[in-house]
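Welcome! Here is a short briefing to help you find your way around a new structure. Have a look at the model first, then read on.

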Amino acid sequence: MTRVISFHRLRDNLVVKFNDMKNLIVYYSFTENNKKLAEYVRNKLHCDIVGIETVKKRAGLSILLDLMFNRKPGIKPVPYSLRDYDHIVFMSPIWAGKIAMPLTSFLIKEKQNVRTYSFITLCGGGNANQREKIQNLLSIVLGRQPITVAELWINTLLHDEKKNTIKYASGYRIDSNEFNAFDKDIMKFLNAAGLVVSE
Ligand SMILES: Cc1cc2nc3c(=O)[nH]c(=O)nc-3n(C[C@H](O)[C@H](O)[C@H](O)COP(=O)(O)O)c2cc1C
């Protein structure tokens, strides 16, 4: 009997400990797809959330120049200390196979303060090797491996006749209701990241 009680106590303590984990979502979004993803995930984790803003607003041309010349745009400070968090979930679009540069600027700046992290993106999709490439980029920039990386592909939301025909599907603006289609993948990502969902 004593054993049973102590087992339950141990289990309850562990649950409390996991629920006590402080998580932060950090996202960059240019056309709000990843902002909506961040809000969707936040409703599952009930954690702090912050969006990265560039000092100079990005536009089509500045993004193109950032990509061509590997520029890292200046970003505004965020009102959170990353050191205070057990796990940070990063989110951003993928541009030309890379993590959007404003988030990269943030990662470079905060490298010393990130311990445990994961990454998820709502991107155009269609390239099977892209996920691995993103994982490698993150590991190089932050000097440590992410717990997990996931891609949600807009391509999978397109009608059959449009699937795999529009490169990057960059004009697609997701509606918040459409995240139901990704719910299974998002839950899989959160499980792999070791994050506890509180409904
Ligand atoms: C210039 C540009 C390049 C892109 N390159 C890629 C890419 O290489 N791979 C991909 O999966 N999606 C790519 N996309 C699609 C974006 O990742 C996608 O539209 C994303 O959901 C936009 O996120 P946001 O609305 O949060 O800014 C690209 C979009 C743009 C505008």
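Strand 1 (residues 23-27) and strand 2 run parallel and are joined by 4 bridges. Within this pairing, Val26 stands opposite Val50 in strand 2. Please keep in mind as you explore that this is a predicted model.

**The sheet**
- Strands 1 and 2 belong to an open sheet of 5 strands, which follow the order 2-1-3-6-7 with parallel pairing.
- The edges are taken by strand 2 (48-51) and strand 7 (149-153); each has a single partner strand, so one side of each is left without a neighbour in the sheet.
- On average, neighbouring strands of this sheet are turned by 15° against each other, direction ignored.

**Helices on the sheet**
- Helix 5 packs on the sheet, where it touches strand 6 and strand 7. The direction of helix 5 makes about 140° with that of strand 7.
- Helix 6 (residues 183-193) lies across strand 3 (87-91), strand 6 and strand 7. Relative to strand 7, helix 6 runs at about 175°.

**A closer look at Gly125**
- Where does Gly125 sit? You will find Gly125 in the loop between strand 6 and helix 5 (130-142).
- Is Gly125 buried or exposed? Gly125 counts as buried because it has 22 C-beta neighbours inside 10 Å, and 20 or more are needed for that label.
- Leaving aside residues up to four places away in sequence, Gly125 touches Glu151, Trp153, Ile154, Asn155 and Thr156.
- Leu152 is 27 residues away from Gly125 along the chain, yet their C-alpha atoms are separated by 7.4 Å.

**Around the ligand**
- Which residues come nearest to the ligand? Of the 21 residues around the ligand, these are Ser29, Asn33, Asn34, Pro93 and Gly124.
- Two or more residues of this shell come from each of helix 2 (33-45), strand 4 (94-95) and strand 6 (116-123).
- Helix 2 gives the most, with 3 residues.
- Sorted by class, the shell holds 10 nonpolar, 9 polar and 2 charged residues.

**The chain as a whole**
- The chain has 6 helices and 7 strands. Starting at the N terminus, its elements run α-β-α-β-α-β-β-β-α-β-α-β-α.
- How much of the chain is buried? Of its 199 residues, 32% count as buried.
- Taking contacts between residues at least 6 apart in sequence, 75% join residues at least 24 apart.

Note on methods: Residues are numbered from 1 along each chain as its sequence is written. This is a predicted model: local features need pLDDT of at least 70, side-chain atom pairs count only at pLDDT 80 or more; totals for chains, interfaces and linings use all residues. A residue is near a molecule or strand if its C-beta atom, placed from the backbone, lies within 6 Å of it. Ala, Val, Leu, Ile, Met, Phe, Trp, Tyr, Cys and Pro count as nonpolar, Asp, Glu, Lys and Arg as charged, and the others, Gly among them, as polar. A residue is buried if 20 or more other C-beta atoms lie within 10 Å of its own, exposed if 12 or fewer, and partly exposed in between; C-beta atoms are placed from the backbone. Two residues are in contact if their C-beta atoms, placed from the backbone, lie within 7 Å. Two strands pair if DSSP finds at least two bridges between them. Axes are lines fitted to C-alpha atoms, for helices over the stretch in contact, and angles run from 0 to 180 degrees between N-to-C directions.
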